[in-house]
Protein chains: 2
Amino acid sequence: MSLTGDRRAAQPADEPTGGPRSGRRRRSGRPEQPAATIGRVAEAAGVSRATVSRVMNGSPTVAAELAARVRAAAEALNYEPSLVARSLALGRTSTVSLIVPDLSNPMFQDVLRGLSHAAAGQGYRLLVAESNENVAEEAILAVEARRRSDGLVLASPRVPEAELRAISDRLAPLVLLNRDLPGSSVPSLSVDYAAGIAAIVAHLRSLGHRRIVYLAGPAASTSNRERQAALRANCAAEPVCVLTELACGATFDDGHAAAKAILRSGATAVVAFNDMVAFGALSGLHELGIGVPRDLSVAGFDDIPFARYTTPPLTTASIPRNELGRQAWDRLWALLGGGPAGHDVHFQPRLLVRDSTGPVPAGRAEAVGER
Amino acid sequence: MSLTGDRRAAQPADEPTGGPRSGRRRRSGRPEQPAATIGRVAEAAGVSRATVSRVMNGSPTVAAELAARVRAAAEALNYEPSLVARSLALGRTSTVSLIVPDLSNPMFQDVLRGLSHAAAGQGYRLLVAESNENVAEEAILAVEARRRSDGLVLASPRVPEAELRAISDRLAPLVLLNRDLPGSSVPSLSVDYAAGIAAIVAHLRSLGHRRIVYLAGPAASTSNRERQAALRANCAAEPVCVLTELACGATFDDGHAAAKAILRSGATAVVAFNDMVAFGALSGLHELGIGVPRDLSVAGFDDIPFARYTTPPLTTASIPRNELGRQAWDRLWALLGGGPAGHDVHFQPRLLVRDSTGPVPAGRAEAVGER
DNA sequence: GCTTTGTTAGAAACTGGTTACTCAGCCCGG
DNA sequence: CCGGGCTGAGTAACCAGTTTCTAACAAAGC
């Protein structure tokens, strides 16, 4: 028995010819040829593997005639370089990962698209994972996703800061979405929810509203906390502003269910956690015979694609979701090149005044002693 | 110069200690340790690489004490096995790819989610690519995505059949969405659009409608062609059915713009290419003062999440989008195991009768000589 | 004509894991 | 007391590429 024996030598010689040995794992089904490797192409072309590699990578240091021969051999064998082997040799996978809490959220869908497009421009592909299910394992998921790729874009509002800090260097190159890691050098892109809320409140005030009800999102949500805090701060700054808060949620149905409570609050304007909730509120109020914006004004947040099409079209704060993905790629690309990632960005929402907000109904402005 | 020289020997010895050599590519930023390899762990634990590998993979043939030592060494070095090297050795990446034409389409968003979840259950991750941009390169994209992973789910309505057939064995294991490859063994999951259209038409007929207008989707879209063909067939089967077709599109705005043409058609019912178009039509008709379903009935297709929330809520045909993704994974998983993929599935849409369809207005039923 | 320079292309080391095979050591029965 | 069976761990081949170093050869210069 040969000491240099191929460990597959024990397999039955089931190849019809003495030809190429079969791939380790063969699929059932089609006859399927043995998956050409660089070695087999080299053999067929009568050159070394190094030369094949050079030809496949367009190195100019190969004589034209030889290169043609190699290409012909590659073609004939249907050769495709193994990207895994290439990744190993190069130490680079040309893949980046994106982790989002919830793929059904339009926000992250657009981030996904923006990131995917931008990354594709540099030949990078995107690995996607949703962390919705097991919040506890979010950090593990992040580490694992990062290991499969060259970099990570992480939108993870729920991982505790200490834990995130502990693994942040294992995740680098890393770009954070919608949260930051104070004192670290991890680039972070976020939306200035406070500014968006401020714009909405200013708009409502300019219409004369002094009593506002907030339909709060999930308590665990960072973005809800930010929006809520901004709302409180903005109202506190205005002596004649009354803010009511209703625990609500993040869905259409949550907003819909809140309609009666909205009326009971006595407010003249509704600020919803997001557009879906606003949308639900619109629907619930409609069923109660309340006119919007005639009797009550309603504002959302996010500017999801459908916000333009509700009846009435929704006043909301728009955030550049695609841009968020694109810029995340810019940051990550910079980090991948070893350079600095550029400044953090705090995206400013843009107030979109549509038809769901209007002046305070006559006779209700003085409810809190206005003027 | 040593013949066994490390090719990195020429690099400046910038390590602060004589310690571990640095990783080939170092990032700027954090100090960053040298990325432990299995060899370094083996060295630290005083065992062979084989033993480290066995410990990391939970092989029971390692003495408990030794295993503990290895684990301690791995821990101390912050060792994480390279998934790329692992993939190369195992001939398996534990990644599958999904290619969709358009990530903004709710249909594919749900397929993405369903597939991602299902695949995660078996430890597989998902690589996502959108082929929207360059239709011409869709086939190339598919091949490339497939090469980075172990299998492919392809929703590619526009690649010509001949071309798809030509590359289908390079793409295997492959699962097709919303198209098939007759005569091949490639599993295919699709939606029976014809059945959905038939259900809608039957519903409209039962309400007395005999004049239907179809707001056609993009001409290049396979699903539009199927819906259109089914509509023609269904109407042809009914002697007293008049079908008008309007070139429209796939967006809200397309539907909105079609409102006047709808009225001119004299039809009593509208069948839209999809929900977005129906939604737009609803809006446009509303602006023209047309009551739905009082004056005109409107039906959509797809049951996108918002269809429940339009005013009036949209009658439409629902397709099990998540299920499509899940089943795609089932098929792919079977193929990855080398087994047969199970039967093709033709998902049957479910008619959801909501409020946007109603009886033909009095006085219009006889427009085509009914009864 | 002989050295110098410049191309090419090959040999071999390298990426970081996995695993078939081998063998040392131990326990036990004959 | 010796051979056989079992266990645990090491050796080395292997996955499929990339790249450094080296050497052969040709052309150019002196």
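In this predicted model, the buried residues of helix α6 of chain B are covered by elements that include strands β1 (95-100), β2 (125-130) and β3 (151-154) and helix α7 (161-171), each belonging to chain B. Helix α6(B) itself spans residues 138-147, and its buried residues are B:Glu138, B:Ala139, B:Leu141, B:Ala142, B:Ala145 and B:Arg146. When the helix is viewed down its axis, these residues fall within an arc of 160 degrees, so they line one face of α6(B).

**Contact between chains A and B**

Strand β2(B), one of the elements covering α6(B), also takes part in the contact between the protein chains. The contact draws 41 residues from chain B and 42 residues from chain A. On the side of chain B that touches chain A, the elements giving two or more residues are α4 (83-90), α5 (106-121), β2 and α12 (275-287) of chain B. Of these, β2(B) supplies the largest share, namely six residues. By residue class, the side of chain B that touches chain A comprises 16 nonpolar, 14 polar and 11 charged residues.

The two chains are also linked by strand pairing. Strand β2 of chain A (residues 125-130) is joined to β2(B) by three bridges, and the two strands run antiparallel. Within this pairing, A:Leu127 has B:Leu127 as its bridge partner in β2(B).

**Surroundings of DNA strand C**

DNA strand C is surrounded by 33 residues, of which the closest are A:Ala63, B:Ile38, B:Ala50, B:Ser53 and B:Ala85. Both protein chains contribute elements with two or more residues to the surface near the strand: α2 (49-56) and α4 (83-90) of chain A, together with α2 (49-56) and α4 of chain B. Helix α4 of chain B thus appears both here and on the side of chain B that touches chain A. The surface near DNA strand C divides into 18 nonpolar, eight polar and seven charged residues.

**Domains of chain A**

The domain assignment of chain A gives domain 1 (38-81), domain 2 (94-186 + 321-349) and domain 3 (193-315 + 353-368). Between domain 1 and domain 3 of chain A, the C-alpha centres are 66 Å apart.

**Backbone exceptions**

Most residues other than glycine have a negative phi, and most peptide bonds are trans. The table sets out departures from these two tendencies.

| Site | Feature | Angle |
|---|---|---|
| A:Thr311 to A:Pro312 | cis peptide bond | omega near -5 degrees |
| B:Val292 to B:Pro293 | cis peptide bond | omega about 10 degrees |
| A:Asn178 | positive phi | phi near 60 degrees |
| B:Asp303 | positive phi | phi near 55 degrees |

The proline of the cis bond in chain A, A:Pro312, is found in the loop between β9 (297-299) and β10 (316-318) of chain A. In chain B, B:Pro293 is placed in the loop between α12 and β9 (297-299).

As for the residues with positive phi, A:Asn178 lies in the loop between β4 (174-177) and β5 (188-191) of chain A. A residue counts as buried if 20 or more other C-beta atoms lie within 10 Å of its own. A:Asn178 has 24 other C-beta atoms within 10 Å and is therefore buried. B:Asp303 is found in the loop between β9 and β10 (316-318) of chain B. B:Asp303 also counts as buried, because 26 C-beta neighbours lie inside 10 Å.

Terms used:
Residues are numbered from 1 along each chain as its sequence is written. Chains are lettered from A and ligands numbered from 1 in the order in which they are written. This is a predicted model: local features need pLDDT of at least 70, side-chain atom pairs count only at pLDDT 80 or more; totals for chains, interfaces and linings use all residues. Domain bounds come from an automatic or database domain assignment. A residue is buried if 20 or more other C-beta atoms lie within 10 Å of its own, exposed if 12 or fewer, and partly exposed in between; C-beta atoms are placed from the backbone. Helices (H or I, at least four residues) and strands (E, at least two) are DSSP runs, numbered from the N terminus. The arc is that of the directions from the helix axis to the C-beta atoms. Two residues are in contact if their C-beta atoms, placed from the backbone, lie within 7 Å. Ala, Val, Leu, Ile, Met, Phe, Trp, Tyr, Cys and Pro count as nonpolar, Asp, Glu, Lys and Arg as charged, and the others, Gly among them, as polar. Two strands pair if DSSP finds at least two bridges between them. A residue is near a molecule or strand if its C-beta atom, placed from the backbone, lies within 6 Å of it.
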